[in-house]
Amino acid sequence: MKNKYYDLIDQTFEFPQDEFRTEDGELMFHDIPLMEIIKQYGTPLKITYLPKISSQIQRAKRMFNVAIAKTDYRGSYNYCYCTKSSHFSFVLEEALKNDINLETSSAFDINLIQELFEAGQITKDIFIVCNGFKRQQYIDNIAELYSQGFHNIVPVLDNFSEYEMLCKAMENIEMDQPMNLGIRIASEEEPKFDFYTSRLGVRYSDIVSFYEEQIKGNPKFKLKMLHFFINTGIRDSAYYWNELAKCVNVYCDLKRLCPELDSLNIGGGFPAKNSLASNYDYEYMAEEILAQIKNICTNRETQEPNIFTEFGSFTVAESGATLYSILGQKQQNDRESWYMIDSSFITTLPDTWGINQRFIMLPINHWDSEYQRVFLGGLTCDSEDFYNADSHANAIFLPKLQKEEPLYIGFFHTGAYQESLGGYGGIQHCLVPAPKHIIIDKDENGEYTTKLFAKEQSHKSMLKILGY
């Protein structure tokens, strides 16, 4: 009878997979023995596996370059990393090894760009795409960065007043060439969304008149980019293709009036893999996007635009993992058995609580043990601090607990957003401390190395923030 946990996974998915396999009943992540990591560092534990960041970037570049060749597309491809997905220095350092551009979201992001330049991580030739609703400090920082020689900075206008603020901020700055501008389209949201139109961007019907009445003829600026963002990301749906077509047609309208317009930013990136059953066809999507853009441009007798993508989660999510130990089991009624983890989902994986995000969840050990359906509970006193379903099924199954060795579990592909959303290094719910965080890399011989980035948060650091 096949009743071991490995049998369950083997019968449900194609397994092993690129990043997951087992050895002697224990899970390997990118050929790294996680039980050895746990024995060295303990749990709870955050992991960042750096090589995955570079491989994701190179993968996207390869897919779009192949798609350009297949479709005979006449524009270039430009990869941008969204800093908001993870601002950590080691993430940016790894990403920037791959000749990429950056996308910012707030005023302090510009300060981060300056730090990267001073550290020799970037040059002034890099494209800096500035998104988000901009307050005065953000505008001022953009102007300052331009004055320092970052002439490939592209502030993407979210509204009319941002253009007025930018004009004023650039009044006293010497300009040897016009500043590039972008305009963000306020796309329509999916039918099931809470509202019809994105709160960000300029309405379709206002974009051409905005350019003609305000931007056109101003020698300090030139419109370079039209920005198209879909909140749900790039997906093979009628909704996505319809919004893309509308955007490209607006691009063609603008291109006739504005010859210097040459770039289309298809923000809202590729999804990260969040299930062992994931079947997203990345290659098909890259090729189909370019084919549809080319087809519309050909019909409109317009040259195809250069393509910019903003990939945040796709870049960093799959580099991350969060490991816990099971402290014990509670049988609360005839049907609900709880495994209690040694941390909190609300503080360490806030997306599971805030937007019901599902991650790949697997045990680290005991793959040769029998399994059972369980609920996972966090340490806080909040009733919402739980995890009870996988992305492929409305349930979770884990090995039964053994007396001789604790059960360890891991949530994988958690490298985007979780630390910033959870308030990294600050005050956590119920004063649950932020876990240790380690960085894993591999040398030229394929041997892995580990480095402690941050110790588990101490009570002293929390109490100091609280004024004690």
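**A parallel barrel and its helices**

Strand 11 (residues 263–267) and strand 12 (residues 306–310) run parallel and are joined by 3 bridges. Across this pairing, Ser-263 stands opposite Asn-306 in strand 12. Please keep in mind that this is a predicted model. Both strands belong to a closed barrel of 8 strands, ordered 5-6-7-8-9-10-11-12 and paired in parallel. From one strand to the next, the twist averages 25 degrees.

**Helices against the strands**

- Helix 5 (residues 107–118) lies across strand 6 (101–104) and strand 7 (128–130). The direction of helix 5 is at about 150 degrees to strand 6.
- Helix 7 (residues 160–169) packs on the sheet, where it touches strand 8 (153–157), strand 9 (179–184) and strand 10 (221–229). Between the directions of helix 7 and strand 8 the angle is about 140 degrees.

**A closer look at helix 6**

- Helix 6 covers residues 136–147, and its end C-alpha atoms are 16 Å apart. That agrees with expectation, because 12 residues at 1.5 Å a residue should span 16 Å, with the expected span taken as 1.5 Å times one less than the number of residues.
- The buried residues of helix 6 include the aromatic-named pair Tyr-138 and Tyr-146, along with Ile-139, Asn-141, Ile-142, Ala-143 and Leu-145.
- Among the elements covering these buried residues are strand 6, strand 7, strand 8 and strand 9, together with helix 5 and helix 7.
- Just after helix 6 comes Gly-149, which takes a positive phi of about 105 degrees.

Definitions and conventions
Residues are numbered from 1 along each chain as its sequence is written. This is a predicted model: local features need pLDDT of at least 70, side-chain atom pairs count only at pLDDT 80 or more; totals for chains, interfaces and linings use all residues. Side-chain values use heavy atoms; hydrogens and water are left out. Two strands pair if DSSP finds at least two bridges between them. Helices (H or I, at least four residues) and strands (E, at least two) are DSSP runs, numbered from the N terminus. Axes are lines fitted to C-alpha atoms, for helices over the stretch in contact, and angles run from 0 to 180 degrees between N-to-C directions. Contact means heavy atoms within 4.5 Å. Buried means under 20% relative accessible area, exposed over 50%, partly exposed in between (1.4 Å probe, protein chains only).
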